[in-house]
2 protein chains.
Amino acid sequence: MAYELYYWPGIQGRGEFVRLALEEAGVPYVDVVRGAETEGAGLPALLRLMDGKAIERPPFAPPFLRARGLLIGQTANILAFLGAHHGLAPAGEADRLWTNQLQLTLCDVVQEAHDTHHPISVSLYYDEQRAEALRRATDFLDNRVPKFLGYFERVLEHNPEGDGHLVGAALTYADLSLFQIVAGLRYAFPRAMARLGKRCKRVTALHDAVAARPRIAAYLASERRVPFCEQGIFRHYDELDDPV
Amino acid sequence: MAYELYYWPGIQGRGEFVRLALEEAGVPYVDVVRGAETEGAGLPALLRLMDGKAIERPPFAPPFLRARGLLIGQTANILAFLGAHHGLAPAGEADRLWTNQLQLTLCDVVQEAHDTHHPISVSLYYDEQRAEALRRATDFLDNRVPKFLGYFERVLEHNPEGDGHLVGAALTYADLSLFQIVAGLRYAFPRAMARLGKRCKRVTALHDAVAARPRIAAYLASERRVPFCEQGIFRHYDELDDPV
């Protein structure tokens with residue numbers, strides 16, 4: 001049976017990290033929320049699994065993946081599963097832990113990118129926390145993004161098997177996630193990323209190499225790739241970017 | 001060789017989740033930063049591993065654990081390692097993923113608890129982001145804590161092997177982490193937790209049961225347990241708690 005991905009409709013969000021892994025691995029999957037409610041899919045199908053009293057192991061939040069009889073939540077956890085079963089992570093314990101460690105740090109970047117536009121509450125609109133967002137985004141671009149990108153640049157530089165991948169000599173889900181973060185940051189903060197991208201040439205090269213992989217390129221050009229937008233995690237509010 | 005834990009001195013912080021697992025499992029470990037600089041320990045030993053150009057797989061931030069020739073970072077990743085090797089997680093894939101999924105959600109709580117007093121930047125003092133902290137803490141206590149605690153209450157309730165543990169019929173590192181979060185929230189927000197604790201009796205009972213385990217009780221009574229304080233993740237600023 002095809003895997004079933006459950007994620008909020010209309011945005012890439014955290015679901016995109018799972019989509020990229022499924023696409024690169026060539027795993028058949030259904031993006032359930034994009035299906036028809038009349039056929040048991042759509043948003044109600046997602047909400048049933050989150051709210052359903054009958055679910056023994058309910059996820060706290062999307063994304064979650066139904067696969068091989070399991071219902072798996074938390075982005076890094078889903079990716080660990082996909083990595084192990086679909087050739088997107090090395091098999092040995094040391095490499096597996098290292099890949100997971102990198103992914104968890106990438107998830108931290110995602111959370112901080114989200115909080116640039118929602119520093120106070122996910123229950124409030126952006127306009128209700130705009131003053132705080134301006135302060136937080138400034139700190140994010142001045143301190144956090146350089147630190148995170150510098151870290152991944154160093155990881156690539158120190159990889160004894162070459163700087164083309166974060167772990168070993170082959171693609172892992174961590175590479176896919178780093179691609180997505182660079183793409184998202186470029187969308188949200190084009191001026192800041194034009195400035196910061198020059199300092200991390202290996203990270204930029206990895207982004208470009210992932211985008212050029214045949215399955216990823218085909219996916220990005222397809223309608224399955226939801227466009228970036230201002231309801232997602234990476235949002236372009238011009239006032240949050242570097243000053244012109 | 002004894003495991004080596006590296007974490008910032010003087011606070012429980014994220015290192016505490018690792019300490020609790022090591023203590024419960026009875027694993028010999030050295031809390032390196034609390035050792036003497038003259039003997040190669042202390043804070044310089046931690047900074048060497050983070051900044052060292054010679055480290056092939058550097059951690060982004062503490063805590064990290066040196067164990068069996070590995071240098072393992074990210075709290076949930078360290079706990080997955082300890083769970084697998086020291087009887088703090090089930091062996092089967094489904095249970096292992098579920099334990100990790102719960103731990104990642106617990107890590108989200110920790111991050112949000114931290115951001116109540118640092119909603120703008122980790123580089124600024126509390127007083128420099130106090131106005132924003134007041135707003136964020138209100139949302140945290142009104143919306144997020146009830147949602148998180150309600151979720152874990154439901155997980156306990158739905159556990160077919162009983163509501164004494166989050167996963168199966170035996171203790172896992174996720175139980176230890178839930179204990180620490182309840183303890184931390186009670187320290188930081190005593191009035192709010194007096195209000196909210198009544199709604200999650202299973203979570204409260206689990207906290208009490210963990211605290212009463214012989215090794216945990218001995219640890220909590222020892223000098224190895226750093227007291228809660230206002231430099232850690234869970235901080236008591238009276239103005240952030242429920243109004244009197």
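**Entry 1. The proline pair before β3**

I began with P63(B), which I found in the loop between α2 (42–51) and β3 of chain B. The peptide bond that joins P62(B) and P63(B) is cis, and its omega is about 0 degrees. I should record here that this is a predicted model. I then looked up the corresponding place in chain A. There, P63(A) lies in the loop between α2 (43–51) and β3 of chain A. The bond from P62(A) to P63(A) is also cis, with omega near 0 degrees.

**Entry 2. Confidence**

Before going further, I noted the scores. The model has an ipTM of 0.97 and a pTM of 0.98. For chain A the average pLDDT is 96, and 100% of the residues score at least 70.

**Entry 3. The sheet of chain A**

Next I traced the strands of chain A. I found an open sheet of 4 strands in the order β2-β1-β3-β4, with mixed pairing. Its edge strands are β2 (29–31) and β4, each of which pairs on one side only. On average, neighbouring strands of this sheet are turned by 20 degrees against each other, direction ignored. Helix α3 (residues 75–85) of chain A packs on the sheet, where it touches β3 and β4 of chain A. The direction of this helix makes about 130 degrees with that of β4(A).

I then took the strand pairs in turn. Strand β1 (residues 3–6) of chain A pairs with β3(A) in the antiparallel sense, over 3 bridges. Within this pair, E4(A) has R66(A) in β3(A) as its bridge partner. Strand β3 (residues 64–67) and strand β4 (residues 70–73) of chain A run antiparallel and are joined by 4 bridges. Here F64(A) stands opposite G73(A) in β4(A).

**Entry 4. R66(A)**

I stopped at R66(A), which lies in strand β3 of chain A. Is R66(A) buried or exposed? It has 18 other C-beta atoms within 10 Å, and therefore it is partly exposed; a residue is called buried at 20 or more and exposed at 12 or fewer. Leaving out residues up to four places away in sequence, R66(A) touches Y3(A), E4(A) and L71(A). Of these, I looked up the distance to Y3(A): the two residues are 63 apart in sequence, but their C-alpha atoms are 5.8 Å apart in space.

**Entry 5. The hairpin turns**

I asked which residue in the turn between β3(A) and β4(A) has a positive phi. The two strands form a hairpin with 2 residues between them, and R68(A) in the turn is the residue in question. Its phi is near 50 degrees, a positive value in a residue other than glycine. R68(A) has 12 C-beta neighbours inside 10 Å, so it counts as exposed.

In chain B, I found β3(B) and β4(B) paired in the antiparallel sense over 4 bridges. The bridge partner of A67(B) in β4(B) is L70(B). These strands, too, form a hairpin with 2 residues between them. R68(B), in the loop between β3 and β4 of chain B, has a positive phi near 50 degrees and is not a glycine. With 12 C-beta neighbours inside 10 Å, R68(B) counts as exposed.

**Entry 6. Helix α3 of chain B**

I asked why α3(B) can be called largely enclosed by the rest of the structure. The reason is that 9 of its 11 residues are buried. Among them are T75(B), I78(B), F81(B) and L82(B). The buried residues pack against elements of both chains: α4 (93–117) of chain A, and α1 (15–25), β3 (64–67), β4, α4 and α6 (173–188) of chain B. After α3(B) comes G87(B), with a positive phi near 70 degrees.

**Entry 7. Where the chains meet**

How many residues of chain B are in contact with chain A? I noted 32 residues of chain B, in contact with 32 residues of chain A. On the chain B side, the elements giving two or more residues are β4 (70–73), α3 (75–85), α4 (93–117) and α5 (130–158). By class, this side has 14 nonpolar, 11 polar and 7 charged residues.

**Entry 8. How the copies are related**

Finally, I compared the two chains. A turn of 180 degrees, with a shift of 0.0 Å along the axis, lays chain B on chain A with an RMSD of 0.0 Å. The two copies are therefore related as by a two-fold rotation axis. In chain B, the C-alpha nearest the axis belongs to P119(B), at 3.0 Å. The same surface serves both copies, as 100% of the contact residues of chain B recur in chain A.

Conventions. Residues are numbered from 1 along each chain as its sequence is written. Chains are lettered from A and ligands numbered from 1 in the order in which they are written. This is a predicted model: local features need pLDDT of at least 70, side-chain atom pairs count only at pLDDT 80 or more; totals for chains, interfaces and linings use all residues. Two residues are in contact if their C-beta atoms, placed from the backbone, lie within 7 Å. Ala, Val, Leu, Ile, Met, Phe, Trp, Tyr, Cys and Pro count as nonpolar, Asp, Glu, Lys and Arg as charged, and the others, Gly among them, as polar. Two strands pair if DSSP finds at least two bridges between them. Axes are lines fitted to C-alpha atoms, for helices over the stretch in contact, and angles run from 0 to 180 degrees between N-to-C directions. pLDDT is the predictor's confidence in each residue, from 0 to 100. Copies are superposed by least squares on the C-alpha atoms of residues with pLDDT of at least 70 in both.
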